[in-house]
Amino acid sequence: MTEKMKIDRRSLLLAGAATLPTMAFAQTGNQPSALTVAPASQSGLGPRLTMHAIDTFHGTPGAGMKCDLEVFESGAYRRISSFETAATGRTQEPLLVDDALKAGRYQLLMHFEAYFAKYGVKLPSPNFYSIVPIRFVIQDVTQRYHLPVLFSPWGYSYYRGS
Amino acid sequence: MAGITTHILDTNLGRPISGVRIEFSRKEGEAWKLVKTVATNADGRTDGPILKGDDAAVGEYELVFRISEIFRAKATAGDPPAFIDDPVVRFSIFDVKQHYHVPMLCAPGSFTTYRGS
């Protein structure tokens with residue numbers, strides 16, 4: 001983020017705070033950083049699984065979300081990897097790529113409660129959502145699968161993206 | 001009315017989905033214990049609450065929506081299986097005096113849930 005953008009963002013927040021009820025900003029301390037670049041197209045890339053965490057509470061990428069990827073095998077989910085999302089809400093590398101992309105039933109465990117706690121959002125205890133399983137199917141390993149997850153403390157969506 | 005209810009809607013058709021099996025479990029220690037299996041009626045809801053207010057206790061709960069068999073039955077030959085698999089929603093009751101409406105909106109490639117009212 002450039003210095004000018006930081007200043008613009010702060011000015012906007014201050015302007016907002018002056019005109020909107022304080023509730024709108026009082027709930028959260030350090031905000032996740034806003035997106036500053038347009039999303040890159042993944043069109044034409046080879047078979048892979050990618051994801052994107054989008055924080056609809058702050059209107060920012062879901063940066064620093066702890067996630068665990070698991071695959072369903074012999075009646076139980078087996079852990080493949082654990083990672084944190086980057087500043088873009090995505091991961092540096094695909095979750096699975098080329099030969100590692102296998103057909104099957106998967107779940108991405110997303111640590112919602114820890115994420116919002118990190119940004120100082122006041123939540124009930126126990127929180128409505130803690131570790132959220134996002135379940136999905138990879139059927140055709142010649143295709144590219146993108147998994148966007150839109151989330152707030154009180155709801156979430158996921159879908160097959162592109 | 002406190003307790004837990006749900007509502008299942010097909011966002012492709014804009015219609016409720018009937019006959020969806022829902023497995024309702026409660027977390028006991030580290031394990032999920034199945035409390036009961038219910039099914040949605042013609043309105044996409046269950047005939048009674050999934051959990052009555054009187055039975056509500058602070059803790060973690062789980063709803064598994066067996067939707068993939070419904071999509072499979074409606075699919076035409078060659079359609080891929082539903083991307084969303086059988087979605088599961090895990091949530092906590094943090095105040096037994098409140099009601100927890102947990103709707104699920106879905107299509108084969110998309111799933112949404114939220115704390116409704």
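Thr112(B), a residue of β11(B), is the bridge partner of Ser157(A). This pair belongs to a predicted model, and it offers a suitable entry to the interface of the two chains. The strand on the other side is β9 of chain A, residues 155-159, which pairs with β11(B) in the antiparallel sense over 5 bridges.

From this strand pairing, the view may be widened to the contact as a whole. Chain A contributes 23 residues to the contact, and chain B contributes 26 residues. Between them, the two chains bury an area of about 2200 Å². Carbon and sulfur atoms give 60% of that buried area.

The polar side of the interface can be followed next. Across the interface of chain B and chain A, 10 residue pairs are in polar contact, both residues of each pair having pLDDT 80 or more. The count of salt bridges between the chains is 1. Its partners are Arg105(A) and Asp85(B), whose side chains meet with an N to O distance of 3.0 Å; this distance falls within the 4 Å allowed for a salt bridge.

On the side of chain B that touches chain A, two strands each supply at least two residues, namely β8 (88-93) and β11 (110-114). The largest share of that side comes from β8(B), with 6 residues. Sorted by class, the side of chain B that touches chain A holds 16 nonpolar residues, together with 5 polar and 5 charged ones. Strand β11(B) thus appears in two roles: it supplies residues to the side that touches chain A, and it pairs with β9 of chain A.

Methods:
Residues are numbered from 1 along each chain as its sequence is written. Chains are lettered from A and ligands numbered from 1 in the order in which they are written. This is a predicted model: local features need pLDDT of at least 70, side-chain atom pairs count only at pLDDT 80 or more; totals for chains, interfaces and linings use all residues. Side-chain values use heavy atoms; hydrogens and water are left out. Contact means heavy atoms within 4.5 Å. Buried area is the accessible area (1.4 Å probe) that two parts lose on being put together, summed over both. A polar contact is a pair of N or O atoms within 3.5 Å; within protein, one must be able to donate a hydrogen and the other to accept it, and residues adjacent in sequence count only if both atoms are side-chain atoms. Helices (H or I, at least four residues) and strands (E, at least two) are DSSP runs, numbered from the N terminus. Ala, Val, Leu, Ile, Met, Phe, Trp, Tyr, Cys and Pro count as nonpolar, Asp, Glu, Lys and Arg as charged, and the others, Gly among them, as polar. Two strands pair if DSSP finds at least two bridges between them.
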